[in-house]
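Student: I would like a close look at a single part of this model, taken slowly and with the criteria spelled out.

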Amino acid sequence: MINALTGAALALLAAAPATAATIVTADRYLDVASGRYVEHPAITIGDDGRISAIGDARSLTPTPGVRRLDLPGRTLLPGLIDMHVHLDADARISGYKGLDYTDSFWQAVGVANARKMLQAGFTTVRNVGSQNYDDVGLKQAVEGGYIEGPRIVPATYALGSTGGHCDGSEGLPPSFSAVPTPSVADSPEGYRKLVRTVHKYGAEVIKICATGGVLSRTDAPGAQQMSYEEMKAVTDEAHMLGLRVAAHAHGTAGINDALRAGVDTIEHASLADEESFRLAKQKGSWFSMDIYDDDYILAEGAKNGVHEESLGKERAIGRRQRETFRAAVRAGVKQIFGTDNGAVFPAGQNGLQFAKMVEWGMTPLQAIQAATLNAGEALNRPGDVGSIAVGRYGDLVAVAGDPLRDIRLLEHPAVVIKGGRPVGAGQ
């Protein structure tokens, strides 16, 4: 909760000119690279939204035309990054319940979800799959100041095979397939064309479905759905365009072929084995493991419309994914923070995963690094996001306490700042 002192400071800040520089002070900030706290910071954020200086709050003197936000008793961290979200989805509307809503409804859901994720401290998200290029539209609306939301890295459509996890008509009768799913291919050349198409319309990362999934009713999570040659065509084309590739992959064979093909991040990685760990370290790839999701799916999924077949798959794979996560951490596989938020559990609850990551083998610092430093590197944007440093965006999260002792503080940040502007303080 924002206390009265902070609330008054935010009100003054909201009234200040939007073009003014801002100085943020707090008790300390976490240097996520070293794991050490820096006491009494004064972080200056220019009118371009980037950090221009970091000094000592004890030596500050009043500067005309510079706004000031003092956060006594707070610890600052870099703005958090969720590498696996679905903005235009609502976990409470699952299975066939989604057919009750018209197509444009989901863009409105995305507006609400973007705001919730930002309020939760996630100032950057990677949206790995949406219909109708919704995530590109949301990104444009956020950047244009029409809506409040995080920095969005869109994938547009997730690419997959006919009848696979990314086939939007999977599980539906033939009459629903009169219009082909625009994200489906069944050959290396077909996938090359899809990469070029989604990039043309705004994709900044490419998402593929290498194996079956849990919430897709008729397939098996462990079953490989793209060949090595198809995955290699995607990664070659994407890397040539300067894009990174994320692979939805639960099954061992699909994970390992994706890694051999040069995929940058493995999403879920539920059944990864020792060979997967070796390949990931050899290739420099990252695992994005949504290990909180099992709790929500099994507790709320049936009420939300999740198919019984999917609930059965989750019961079979959820614990195994967590055990794989623990083994991967011990093996030294690089990890990023990804939750499947929006699609699997309600938007804005992203921070619930931190405690699970610590429960299953990470230190609090490692969990924080997964959502900051590591995520910025995996996005190939370390100069923009992921740390508090001169030149980076002035994206900050303030908590009341020590997150290295109590990681659950990140579930409810006291203040969120994006580009020097506190969330809720106006544009």
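Where does the second largest pocket lie in relation to the domains, and why is it placed there?

Tutor: The model is predicted, with local features requiring pLDDT of at least 70 and side-chain atom pairs counted only at pLDDT 80 or more, whereas totals for chains, interfaces and linings use all residues. Residues are numbered from 1 along each chain as its sequence is written, and side-chain values rest on heavy atoms, with hydrogens and water left out.

The second largest pocket takes lining residues from both domain 1 (22-78 + 387-422) and domain 2 (80-349), and therefore it lies between them. These two domains are the parts into which the protein is divided, their bounds coming from an automatic or database domain assignment. Their C-alpha centres are 32 Å apart, and the contact between them (heavy atoms within 4.5 Å) draws ten residues from domain 1 and eleven residues from domain 2.

As for the pocket itself, the search works on a 1 Å grid over the protein atoms alone, where a pocket is an open set of points with protein on both sides within 12 Å along at least five of seven lines, a cavity is a set where a 1.4 Å probe fits but cannot get out, and lining residues have an atom within 4 Å of a point. The volume of the second largest pocket, meaning the space filled by probe spheres set on the points, which are joined across faces, edges and corners, is about 720 Å³. Its lining consists of 36 residues, and those nearest its centre are Val 142, Glu 143, Arg 151, Lys 418 and Gly 419. Helix 3 (134-143), strand 8 (151-154) and strand 16 (421-422) are the elements that each give two or more residues to this lining, helices (H or I, at least four residues) and strands (E, at least two) being DSSP runs numbered from the N terminus. Divided by class, the lining of this pocket holds 14 nonpolar, eleven polar and eleven charged residues, where Ala, Val, Leu, Ile, Met, Phe, Trp, Tyr, Cys and Pro count as nonpolar, Asp, Glu, Lys and Arg as charged, and the others, Gly among them, as polar.

Helix 3 deserves one further remark, since Lys 139 lies in it. Lys 139 counts as buried because its relative accessibility is 15% (buried is under 20%, exposed over 50%, partly exposed in between, with a 1.4 Å probe and protein chains only). Leaving aside residues up to four places away in sequence, Lys 139 touches Ile 152, Pro 154 and Glu 204.

The enclosed spaces complete the picture, for the whole structure contains two cavities of 30 Å³ or more. The second largest cavity, with about 40 Å³ of space, also receives lining residues from domain 1 and domain 2, so it too lies between them. Its lining includes Pro 78, Gly 79, Thr 123, Asp 384, Tyr 393 and Asp 395, and by class it comprises four nonpolar, five polar and two charged residues. The largest cavity holds about 50 Å³, and among the residues that line it are Ala 91, Leu 215, Tyr 296, Asn 304 and Val 344. That lining has seven nonpolar and three polar residues, with no charged ones.
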